[in-house]
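Please look at the sequence and the structure shown below, and keep both in view while the paragraphs lead you from confidence to strands and then to the ligand.

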Amino acid sequence: MLQEVNRLLTGLNCGKVLETITLPESATTLSIEHGFDLKAFCFHADKEVLREPRVVRVGLIQNSIALPTTAHIVDQKHAIFEKVKPIIHAAGSSGVNILCLQEFWMMPYVFCTREKKWCEFAESIDGESTKFLQSFALKYNMVIISPILERDMNHGEVIWNTAVVIGNHGNIIGIHRKNHVTRVGPFNESTYYMEGNTGHPVFETAFGKIAINICYGRHIPLNCLTFGLNGAEIVFNPCATVGELTESMWPIEARYGAIANSYFVASINRVGTETFSSSFTAGDGKPAHSDLGYFYGSSYISAPDASCTPPLSRNRDGLLISDMDLNLCRQFKDKWCFRMTARYEMYAETLAWYLKPDFEPQIIRDPLLNK
Ligand SMILES: NC(=O)NCCC(=O)O
């Protein structure tokens with residue numbers, strides 16, 4: 001019975017419920033001492049004759065902020081550094097190859113307030129947060145994805161929503177800037193920065209081809225597709241999102257993205273309620289309030305075969321670790337042929353037509369309507 005429920009809820013991988021992984025005692029000790037959850041699973045692929053399995057160990061960190069938003073911003077940032085340090089050590093000592101932190105991991109989600117004082121959290125790509133993580137990347141031979149608020153010093157000091165990809169030698173491989181800037185309810189990101197200008201880069205790392213689809217980008221199917229067309233095998237989706245707005249979408253969208261694009265999706269969301277000293281509205285006619293809502297955590301990983309890990313908790317800091325055999329991506333392309341059956345030329349034609357000012361939707365009207 002339980003097997004049947006799992007088959008439907010979290011899917012089966014190679015015909016079985018996902019196996020759990022035993023992690024080193026050093027990691028479990030850190031999780032107990034520092035009060036964060038630790039969960040680990042394994043996605044298998046079928047054995048192939050010509051290719052060896054390509055197993056990569058991925059880690060996702062979800063956390064709440066560490067100090068009230070009224071504290072000095074430097075203290076807030078440093079307190080978060082201290083909070084995530086033992087979690088990063090747990091990932092490193094567990095042999096994680098690629099680690100991703102949540103969207104704006106080095107600060108509260110301030111964009112609901114529309115107050116410009118928070119711009120002071122912004123850092124250059126090689127700023128304090130990158131330097132902090134580079135030492136861990138080097139120590140643990142780990143690729144680290146660091147989603148920050150970026151200040152672009154070379155281009156008029158403008159601000160971006162950026163993920164910095166740090167290589168396993170502590171080097172900066174590159175960046176990706178959020179393609180779709182959120183304009184829903186109190187998520188007033190467009191007050192702070194513009195749509196990214198980095199396209200859909202895929203980073204070829206020592207452990208696989210990865211991309212970062214920052215938060216809201218998961219709602220846009222063509223955005224998800226384009227990372228796949230560029231060859232991504234794992235797409236990380238660092239988010240900051242709240243229950244009332246998206247919790248019913250959360251278990252669906254990443255799984256759909258993974259299935260439709262034949263890649264793994266690693267979804268991360270922050271935890272807790274973040275309260276501000278001045279109140280704001282969401283433009284929905286409801287009274288002003290001083291928090292955005294509850295960030296519900298629930299980070300999880302989805303595979304191309306429609307299986308997924310159980311989520312981390314809704315309310316606790318956590319590290320989710322998963323082994324994944326990247327051979328599964330091609331195996332599902334071969335099985336389902338989505339890349340071959342898709343009619344890209346037809347979509348390209350429609351999109352080109354749609355972008356023209358004189359576009360008209362292709363609607364065939366029943367001539368008997370209104371007769
Ligand atoms: N950070 C962000 O874009 N949140 C917006 C809500 C969502 O898309 O989940």
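Within the protein chain of this predicted model, the element with the lowest mean pLDDT is helix H1 (residues 2–9), at 84, whereas strand E4 (residues 98–100) has the highest, at 99. Here pLDDT is the predictor's confidence in each residue, from 0 to 100, and helices (H or I, at least four residues) and strands (E, at least two) are DSSP runs numbered from the N terminus. The chain averages a pLDDT of 97, with 100% of the residues scoring at least 70. Residues are numbered from 1 along each chain as its sequence is written. Because the model is predicted, local features need pLDDT of at least 70 and side-chain atom pairs count only at pLDDT 80 or more, while totals for chains, interfaces and linings use all residues.

Turning to the strands, an open sheet of mixed pairing is formed by eight of them in the order E1-E2-E17-E3-E4-E5-E6-E7, where two strands pair if DSSP finds at least two bridges between them. Strand E1 (19–20) and strand E7 (172–177) stand at the edges with a single partner strand each, so one side of each has no neighbour in the sheet. Strand E5 (residues 143–152) runs antiparallel to strand E6 (residues 158–166), and nine bridges join them; Pro147, for example, has Ala163 in E6 as its bridge partner.

The ligand is surrounded by residues that include Glu103, Cys215 and Tyr216, each counted if its C-beta atom, placed from the backbone, lies within 6 Å. This shell divides into seven nonpolar residues, three polar and one charged, with Ala, Val, Leu, Ile, Met, Phe, Trp, Tyr, Cys and Pro taken as nonpolar, Asp, Glu, Lys and Arg as charged, and the others, Gly among them, as polar.
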